[in-house]
Amino acid sequence: MKFVAFERKQQGTGASRRLRIAGKVPGIVYGAGEPAAIELDHNALFHALKKEAFHSSILEMELNGAVTKVLLRDFQMHPYKPQVQHVDFQRVDATTKISKKVPLHFVGEAESPAVKTDKCTVNHVITQLEINCLAEQLPEFIEVDLSKLTLGHSVHVNDLVVADHVKIVTHGKPNPVVATPVPPVVEEIVVAAAPAADDKKGKKGKK
């Protein structure tokens, strides 16, 4: 994905406020050299942030006629307005090692025995994972195949298929659960028993 940034000459709280009023977003690019203050068109950035690939891919940033490869590192939103307040990017090259969270894409769920035969629903316990790799080898997502999932079994991190150069970081948790089937809830219907015939006769006799 490619986007255009412009050099931001004025800095400070007041300058950033004026940029936002003018429909711009202040930002910074760091790594592999001196940090550079930049500004971007707000609407273009706002719509780009809605795309999954913008968060987990190598991006091409055009700045002053030169194209640099960067990663989105952070962004801040207004507390209650749909407005991007600030954005951070990191320059990367073929030798840059990074740690980055990437989304999980679940496939084959409807065809799994757990869903198709046992009518389970599948709980996606984890929807993204942190990985370590070279920046240029960053996958946009990790695929999770659920087609063989059965009742009573779960998919764990060690079951995922990733490239040899990608290392999944679990922060000390041994083989966490990624997805697990949940059996259907069986509703128990309680029917009140009708009064016995002798009881009815007894009540009539008393009257």
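## A walk through the model

Both F54 and F89 are buried. Buried means under 20% relative accessible area, exposed means over 50%, and partly exposed lies in between (1.4 Å probe, protein chains only). This is a predicted model: local features need pLDDT of at least 70, side-chain atom pairs count only at pLDDT 80 or more, and totals for chains, interfaces and linings use all residues. Residues are numbered from 1 along each chain as its sequence is written, and side-chain values use heavy atoms, with hydrogens and water left out.

**Stop 1: the aromatic rings**

A search of the whole structure finds three aromatic pairs. Rings of Phe, Tyr and Trp (its six-membered ring) pair if their centres lie within 6.5 Å; planes under 30 degrees apart count as stacked, over 60 as edge-to-face, and the rest as tilted. Select F3 and F54: their ring centres are 6.0 Å apart and their planes stand at 65°, so this pair is edge-to-face. F3 sits in strand β1 and F54 in helix α3, so the pair ties together parts that are 51 residues apart in sequence. Helices (H or I, at least four residues) and strands (E, at least two) are DSSP runs, numbered from the N terminus.

F3 is buried at 10% relative accessible area. F54 is buried too, at 2%. Now add F89: the centres of the F54 and F89 rings are 6.4 Å apart and the planes are at 90°, so here again the pair is edge-to-face. F89 belongs to strand β6 (residues 84-91) and F54 to helix α3, so parts 35 residues apart in sequence are tied together. Show F3, F54 and F89 at once: they form one aromatic cluster.

**Stop 2: a serine in a loop**

Select S57. It lies in the loop between α3 (52-56) and β4 (59-63). Is S57 buried or exposed? S57 is buried, with a relative accessible area of 8%. Its side chain reaches the backbone oxygen of A53 at 2.5 Å. That is a polar contact: a pair of N or O atoms within 3.5 Å; within protein, one must be able to donate a hydrogen and the other to accept it, and residues adjacent in sequence count only if both atoms are side-chain atoms.

Leaving out residues up to four places away in sequence, S57 touches V70, L71, L138 and E140. Contact means heavy atoms within 4.5 Å.

**Stop 3: the charged pairs**

How many salt bridges does the structure hold? There are two. A salt bridge is a side-chain nitrogen of Lys or Arg within 4 Å of a carboxyl oxygen of Asp or Glu.

Select K2 and E62: their closest N and O atoms are 3.9 Å apart. K2 is in strand β1 (residues 2-7) and E62 is in strand β4, so the salt bridge ties together parts 60 residues apart in sequence. K2 is exposed, at 53% relative accessible area. E62 is partly exposed, at 28%.

Move on to K69 and E136, where the closest N and O atoms are 3.3 Å apart. K69 lies in strand β5 (residues 66-77) and E136 in the loop between β9 and β10; this pair links distant parts of the chain, 67 residues apart. Both ends are partly exposed: K69 at 36%, E136 at 43%.

**Stop 4: the nonpolar cores**

A nonpolar core is a set of buried Ala, Val, Leu, Ile, Met, Phe, Trp, Tyr and Cys residues joined through side-chain atoms within 4.5 Å. The largest one has 25 residues, and I131, L160 and V178 touch the most other members. Colour β7 (97-107), β9 (128-134), β10 (142-145) and β13: these elements give two or more residues to this core. Now select I131. Among the residues it touches, not counting those up to four places away in sequence, are I98, V102, L138, I142 and V169. Apart from this core lies another, of 19 residues, including A5, V25, V29 and A48.

**Stop 5: a three-stranded sheet**

Select β8, β13 and β11. In that order they form an open, antiparallel sheet. Two strands pair if DSSP finds at least two bridges between them. The edge strands are β8 (121-124) and β11 (155-156), and each pairs on one side only. Two bridges join β11 to β13 (residues 177-182). V155 has A179 of β13 as its bridge partner.

End on A179. It is buried, at 0% relative accessibility. Its C-alpha is 5.8 Å from that of S154, although the two are 25 residues apart in sequence. Beyond residues up to four places away in sequence, the contacts of A179 include F106, V122, L146 and V155.
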